Amino acid sequence: AEGLLMTRLSLQELPESPQRTVAELDVVMALGPALINSKGYGAPDVEEVCLRAYELCQVVGDVPQRVPALINLWSFLASRAQHREAFELSATILQLAQAAGRDELVLQASVCVGTSNAFLGNLDLARVHFERAVGLYDATTHASLRFDYGTDPAVIALAYLMILHLFLGDDERSRELSEQCEAFSRSLEHPFSEMFALCFV
């Protein structure tokens, strides 16, 4: 994270230009997950970077980073228990992801919508979105997502499904998912994803 912060400071010293804006957008998009993993989802630094990424996307226009920037902003809102705002943003993210026609964005968007519904008590709807995310996930194709967003999306979906089935009264399925989530997270050799799974287990 420190190297990215230094790069960002260097960029800010350059004259304003479209090239500088795009370069700063690339840096803050990489900085978001690094700060999430080092300081936590709800850290003030994470908010500043997420909001800046969103602002830069607005300046640059319809760029590939737009949906990922909104996903990072959603993560911040959800971690701060701003669930109504996060829920509304998740619907926008899913709509944009589907319009883009990119499976990896629809996968991440499904995790966002599932999580927001879970926090608002819409358990059956949350389950549908998490199951969709797991169904879309491919360990090879989507390996980069755990680095792009800080946590593997399949680990998140399995962890929440484990809890949802417990709340919905299916203890046996919850135990199965618990074992699956823990084993899968260990197989990734991605410490933050493993920590996420173990917190839920």
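**Entry 1. Cysteines**

I started with Cys57: its sulfur lies 11 Å from the closest cysteine sulfur, which belongs to Cys50, and that is too far for a bond. The model is predicted, and I kept that in mind for what follows. I then looked from the other side. For Cys50 the closest cysteine sulfur is the one in Cys57, at 11 Å, again too far for a bond. A disulfide needs the two sulfur atoms within 2.5 Å. I ran the search over the whole structure and it gave 0 disulfides.

I also looked up the accessibility of both residues. Cys57 has 2% relative accessibility, so I put it down as buried. Cys50 has a relative accessible area of 3%, and I noted it as buried too.

**Entry 2. Aromatic pairs**

I searched for ring pairs and found 5 aromatic pairs in the structure. I took Phe119 and Tyr160 to begin with: the ring centres are 6.1 Å apart with 90° between the planes, and the pair is edge-to-face. I placed both residues on the chain. Phe119 sits in helix α6 (residues 103-119) and Tyr160 in helix α9 (residues 153-167), 41 residues apart, and the pair thus links distant parts of the chain.

Are the two residues buried or exposed? I read 39% relative accessibility for Phe119, which counts as partly exposed. For Tyr160 I read 12%, which counts as buried.

I then turned to the pair of Phe130 and Tyr160. The centres are 5.2 Å apart and the planes are at 5°, so I recorded this pair as stacked. Phe130 belongs to helix α7 (residues 123-136) and Tyr160 to helix α9; with their positions 30 residues apart, this pair also links distant parts of the chain. Phe130 and Tyr160 are both buried.

I followed the ring pairs further and arrived at a cluster made up of Phe119, Phe130, Tyr160, Phe196 and Phe200.

**Entry 3. Nonpolar core**

I looked up the largest nonpolar core and counted 57 residues in it. Which residues have the most contacts inside it? They are Ile93 and Phe130. Helix α9 gives the largest share of this core, 10 residues. I noted beside this that, in soluble globular proteins, nonpolar side chains tend to be buried together.

For Ile93 I listed the partners, leaving out residues up to four places away in sequence: Val67, Leu70, Ile71, Trp74 and Ala109.

**Entry 4. Largest pocket**

I looked for pockets next. The largest pocket has a volume of about 270 Å³. I counted 16 lining residues, and those nearest its centre are Tyr41, Trp74, Ser75, Ile156 and Phe196. The elements that contribute two or more residues to this lining are α4 (66-79), α6 and α9. Trp74, a contact of Ile93, turns up here among the residues nearest the pocket centre. Phe196, a member of the ring cluster, is also among those residues.

**Entry 5. Tyr41**

I ended with Tyr41. Where does Tyr41 lie? I found it in the loop between α2 (18-39) and α3 (44-60). Its relative accessible area is 22%, and I entered it as partly exposed, because the buried class stops under 20%.

I went through the contacts of Tyr41 beyond four places in sequence and wrote down Ile36, Val46, Ser75, Phe76, Ser79, Thr151, Phe192 and Phe196. For one of these, Phe76, I looked up the spacing: 35 residues from Tyr41 in sequence, and 5.7 Å from C-alpha to C-alpha. Two others, Ser75 and Phe196, are listed with Tyr41 among the residues nearest the pocket centre.

How values were computed
Residues numbered from 1 in each chain as written. Predicted model: local features only at pLDDT ≥ 70, side-chain atom pairs only at ≥ 80, totals over all residues. Heavy atoms only, no water. Phe/Tyr/Trp six-rings, centres within 6.5 Å; stacked < 30°, edge-to-face > 60°. Helix = DSSP H or I, 4+ residues; strand = E, 2+ residues; numbered from the N terminus. Buried < 20%, exposed > 50% of the residue type's maximum accessible area, 1.4 Å probe, protein only. Core = buried A, V, L, I, M, F, W, Y, C linked by side-chain atoms within 4.5 Å. Contact = heavy atoms within 4.5 Å. 1 Å grid on protein atoms, 1.4 Å probe; cavity = no way out; pocket = protein on both sides within 12 Å on 5 of 7 lines; lining within 4 Å. Points joined across faces, edges and corners; volume = space filled by probe spheres on them.
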